[in-house]
Amino acid sequence: MSADYPKAIPGDVVDVIHGTQVPDPYRWMEDIDSEETRGWIEAQQAYTAAFLEGLPEREAIRERLTDAFDYDKHGLPELIEGRLFYSRKTGLQNQSVHFWREDGGGAGEKVLLDPNTLSEDGTVSVAGWSVSDDGKRVAYGLSESGSDWTTWHVMDVDTGRVLEDEIRWVKFSWASWAPDGSGFYYSRYAAPEDGEELKDTNLNQKAYFHVVGTPQSEDRLVYERPDHPKWGFGVGVTEDERYQIISVWEGAGSKNGFFYRDLGKGEDGRVVELFNEFDARYSLVANDGSTFYFVTDLDAPKKRLIAVDVENPDPTHWKTILPEAEGTLQGVSLLSGHFIAQYMVDAHDVVVIHDLEGKKVRDLPLPNLASAGGFGGYQDDTETFYITTGYTDPGAIYRYDVLSGESALFWEPDFPVNLSAYETKQVRYPSKDGTEIPMFITRRKDAPMDGSVPTILYGYGGFNISLTPGFSASTAIWLELGGAYAVANLRGGGEYGEDWHKAGMQEKKQNVFDDFISAAEYLEDAKYADRDHLVIYGGSNGGLLVGACLNQRPELYAAASTAVGVHDMLRFHKFTIGWAWQEEYGDVEEPGAFEVLRAYSPYHNIREGVAYPPVLIETADHDDRVFPAHSFKYGARLQAAQTGDAPILMRIETKAGHGAGTPTAKTIEAAADRFAFFLKYAR
């Protein structure tokens, strides 16, 4: 250890897993509230703060980021019974404010909820928002300090009055209103024991119905499955009010179940398990009587749209409306007798409109290399809203007439940085096994091709999550600082459907790391960035990616940052929702999976005597998605093993979680630290 880091005394814990001894010297850090752990955290915070504040460019970068974030951002509107509901963040507000107004103007917009008034430091955020079908009430969930735990409340739209309803211990759930507005469905877990909120294992979720104006203790249990403690539920009612629908998930896998109850037979009618084999993904689009439309990847890795008559559900009677195509089918909306289908082609979006029989009506023009989102609404709506965005495009919101095909600009931002000097290109490179991997590279149009441009290589590679073009104010400043930004579309994601996902999960996880390492090698060989100017960055599963690649090829990078990463692959399943990732990563209780996990686990593969590049390890003390001890243990072990002079820093944020709901001020500070750190070592 070359630096005088705050001391972390290793313990003598050794697990024996399938006959193999596995040392875990920093197990004591899993008690994150112990006096010893808290003392180490505070010492690391002080050490890192002193280092980062001493970087000469940090303050100038922070000021420029502040300028860049000081513009208005607008959320996608929802049109419900002639009323527009939307969020908007003005300038440097920490959290978005929620508004409503009559469509067409009327008396102007009215504030529904301003979470900036709920805490002095902006750490209370709106984590969920659901408007009743009549536009008269809103249910909203509040999160404190970035926690996944949310507490739901109800507001009367016309008066702005917050009702007495309070729904606690909700996690991984939405509020779905009953069509008559009397209440809403939601799912929750049992209250954790005091002090266990951040690491309690989330099992036995139950679905309830809450009647507005009554205490939570009187909520009606709608569905539970104690025989399947890992199941979670999303419950709602079809637009025609005929069916109660229950989407069933187990972990973070890409397969699910789908059940329903015919309400015409009474609220106590039996639940029909339409899809209960968890053999594919089934996403309900809409229904027309007993005909249900689903997007599924069953027998179609890139997905298709099918029609299933629940009164005659045998697969031989299913009808394919939109067959599997070249692009991956991301989602479908049914509006005014038209299916609006969003496809992903080579990691960017294409939108096509079809009639009810699946015949193509028209394409919806989008900018080149763009992402699109939105297209929500009720089945009889003739209009909807969508947004387009890209790496150098701050985005614009459009109002779309489904029948005419006309798009009208609804809103676009006035971003305070000139982006005309930058461009995004898509390249392809071979991975270790020859598989072709796409990558987006955004940089100045006149940037030299001599390897001298400081370049951030970003990746994720897991959970069927796709990295499509999107705008970031902080990335715009990185470009302005002379940097480039590369995003590799690694296997494990969903860019090319379920086959692409499967090629990077469980025993094939090493493919993801090979893809990322090959991206770094490509950037060097093509003279975008040599190893003295290339930095790597990733968060959550992407933090695991960075940790593994840092262990495997430390000489390739000028610096690295891993944020809220999963670093202990032998104990990830023991905390919060970590058990849900076993389908993605594998089950350590199985000998074969144990060998795979042990082979790449970042915490367990740190090598003594290696000169690692500078590393900034970012986490948050309230992260109840990826338990922060992952980063604590990884950082302590890396600091102890470091042979060279490069710093290993722990940036531990307070009153923050896994990322959602992070206040603008904290986002700016984190980006300033990261960019100043990168530029010190990659310029």
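This is a short talk on the strands, cores and cavities of one predicted model.

Okay, ground rules before anything else. What we have is a predicted model, where local features need pLDDT of at least 70 and side-chain atom pairs count only at pLDDT 80 or more, while totals for chains, interfaces and linings use all residues. Numbering starts from 1 along each chain as its sequence is written, and side-chain values use heavy atoms, with hydrogens and water left out.

Let's start with strand S18, residues 256–262. Helices (H or I, at least four residues) and strands (E, at least two) are DSSP runs, numbered from the N terminus. Buried is under 20% relative accessible area, exposed is over 50%, and partly exposed is in between, with a 1.4 Å probe and protein chains only. So how many of the residues of S18 are buried? Seven of the seven, so the strand is largely enclosed by the rest of the structure. Both faces are covered: one side has Asn256, Phe258, Tyr260 and Asp262, and the other has Gly257, Phe259 and Arg261.

What does S18 pair with? Two strands count as paired if DSSP finds at least two bridges between them. Strand S17, residues 243–250, runs antiparallel to S18 and is joined to it by seven bridges, with Gln244 opposite Arg261. That hairpin has five residues between the strands, and Gly251 there takes a positive phi near 70°. Strand S19, residues 272–275, is also antiparallel to S18, through three bridges, and here Phe258 stands opposite Phe275.

Now two open sheets. One has four strands in the order S20-S21-S22-S23, with antiparallel pairing. S20 (282–288) and S23 (319–322) stand at the edges with a single partner strand each, so one side of each has no neighbour in the sheet. Neighbouring strands are turned by 30° against each other on average, direction ignored; the axes are lines fitted to C-alpha atoms, for helices over the stretch in contact, and angles run from 0 to 180 degrees between N-to-C directions. S22 (residues 304–309) and S23 share three bridges in the antiparallel sense, and Leu305 has Leu322 as its bridge partner.

The other one also has four strands, ordered S28-S29-S30-S31, with antiparallel pairing. S28 (371–374) and S31 (407–411) are the edge strands, each pairing on one side only, and the twist averages 35° from one strand to the next. Between S30 (residues 393–401) and S31 there are four bridges, again antiparallel, and Ile397 is partnered with Trp411.

On to the packing. A nonpolar core here is a set of buried Ala, Val, Leu, Ile, Met, Phe, Trp, Tyr and Cys residues joined through side-chain atoms within 4.5 Å. The largest core has 122 residues, and Met439, Leu457 and Tyr585 have the most contacts inside it. Which helix gives the most to this core? That's H10, residues 664–682, with nine residues. Apart from it lies another core of 16 residues, including Tyr243 and Phe292.

Take Tyr585 from the big one. With contact meaning heavy atoms within 4.5 Å, and leaving aside neighbours within four places in sequence, Tyr585 touches a list of residues including Phe463, Lys509, Leu544, Phe572 and Tyr600.

Next, backbone oddities. Trp169 is not a glycine, yet has a positive phi of about 60°. This tryptophan sits in strand S11, residues 167–170, and is buried at 18% relative accessible area. Val564 also has a positive phi, near 40°, and lies in the loop between S37 (559–563) and H7 (582–585). At 10% relative accessibility, Val564 counts as buried.

Val564 also turns up among the contacts of Thr619, along with Pro628, Phe632 and Arg651, not counting residues up to four places away in sequence. Thr619 is in strand S38, residues 615–620, and is buried at 4%.

Last item, cavities. On a 1 Å grid over the protein atoms alone, a cavity is a set of points where a 1.4 Å probe fits but cannot get out, and lining residues have an atom within 4 Å of a point. Points are joined across faces, edges and corners, and the volume is the space filled by probe spheres set on them. That gives three cavities of 30 Å³ or more, and the largest has a volume of about 40 Å³. Its lining includes Asp15, Ile17, Arg27, Asp568 and His604. Strands S1 (14–17) and S2 (20–23) are the elements that give two or more residues to that lining.

Terms used: On a 1 Å grid over the protein atoms alone, a cavity is a set of points where a 1.4 Å probe fits but cannot get out, and a pocket is an open set with protein on both sides within 12 Å along at least five of seven lines; lining residues have an atom within 4 Å of a point.
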